[in-house]
Amino acid sequence: MRPRGRQRTSPREVRSAAEVRSAGGPRSAAAVLCVLGLGLALTGCAGGEGGLESAGPTPTAVGPVRLWPDLPPATNPPIDYGESDIQRVPGVEVADNDVHSVDPVAVVRAEVRAHPDTYTGADGLYERTARAIEACDTAPAACPVLRPYYRDLTGNGRDELIVGIRMPDQQVGVRVYLAENGGLTRIMSTVDQVISVELAGRDLIIRVGSAGIPGYEYRTAWSWDEQQGSMLPARDEIVRVKPSGTGPSMVPAPHLVSPSPTPGGTPAPLPPEATP
């Protein structure tokens, strides 16, 4: 880095250089100049090879600027976003708080029976979807409850239960259940026109086909929030869909993707398009 203009040298620095020059000669004096930072422009500070080189100009740091600082604060307190999704599943017991021991169809059926006429919100289901869930035992091929998945999403050392419910118009309901105190608590519930649901570490990533903009899709990463005690959409973004064969593309049926575990128990990394 070339110094700009003239640099001022303090009397102390001049005396130090003079003393070394008289004691050890010009080579020692040059070494002192390098240490003092006065010889950074000289390539001889490191013996002519491997010397300091400029990395170019450093961009000026620009901090955040608050716009309209005189705007009044909000009068209503923030809403607890995940509160409506938290619900104890009635009538379901979980031995040893192990979600692997429960039947996912029985779990969803218990919720249907607890809210028989609910068609919107976290408990909402289409009427024909609710009827199909009730008939899963006699008509398993038409059962809308998808294969369950298991993953420790809360960091408590135990798996949570992840359930998908297929609905009309390519919609899928995704629900997550936490085992605690011998029962199940639902900590997430959402419904959308899903392309895929992916697991990445402790995040549940949902890709939705329609972002309202041609060539783009929604991608939301749901993460456990300790304060709310539920899964919240921590990262929400609109992503451009790459051409077919080079990245995420529209597919007619939603699916769940779970990476294969590595020998150490840590899930294998997802491909780049599977992470937000």
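**Reading a surface patch and a nonpolar core**

Student: Which residues make the nonpolar surface patch of about 510 Å²?

Tutor: Val 65, Leu 67, Trp 68 and Leu 71 make it; such a patch joins nonpolar side chains (Val, Leu, Ile, Met, Phe, Trp, Tyr) within 5 Å, from residues with over 30% relative accessible area and no salt bridge, that is, no side-chain nitrogen of Lys or Arg within 4 Å of a carboxyl oxygen of Asp or Glu. Areas are Shrake-Rupley values with a 1.4 Å probe, counting only the protein chains shown as cover. This is a predicted model, where local features need pLDDT of at least 70, side-chain atom pairs count only at pLDDT 80 or more, and totals for chains, interfaces and linings use all residues. Residues are numbered from 1 along each chain as its sequence is written, and side-chain values use heavy atoms, leaving out hydrogens and water.

Student: Is Val 65 buried or exposed?

Tutor: Buried means under 20% relative accessible area, exposed over 50%, and partly exposed in between. Val 65, in the loop between α2 (26-35) and β1, counts as exposed because its relative accessibility is 65%.

Student: Which residues have the most contacts inside the largest nonpolar core?

Tutor: Nonpolar side chains tend to be buried together in soluble globular proteins. A core joins buried Ala, Val, Leu, Ile, Met, Phe, Trp, Tyr and Cys residues through side-chain atoms within 4.5 Å. Here the largest has 23 residues, and Val 92, Val 107, Val 108, Tyr 177 and Leu 184 have the most contacts inside it. Helix α3 gives the most to this core, with 5 residues; helices (H or I, at least four residues) and strands (E, at least two) are DSSP runs numbered from the N terminus.

Methods:
Buried means under 20% relative accessible area, exposed over 50%, partly exposed in between (1.4 Å probe, protein chains only). Patches are made of residues with over 30% relative accessible area and no salt bridge: like charges are joined within 9 Å, nonpolar side chains (Val, Leu, Ile, Met, Phe, Trp, Tyr) within 5 Å.
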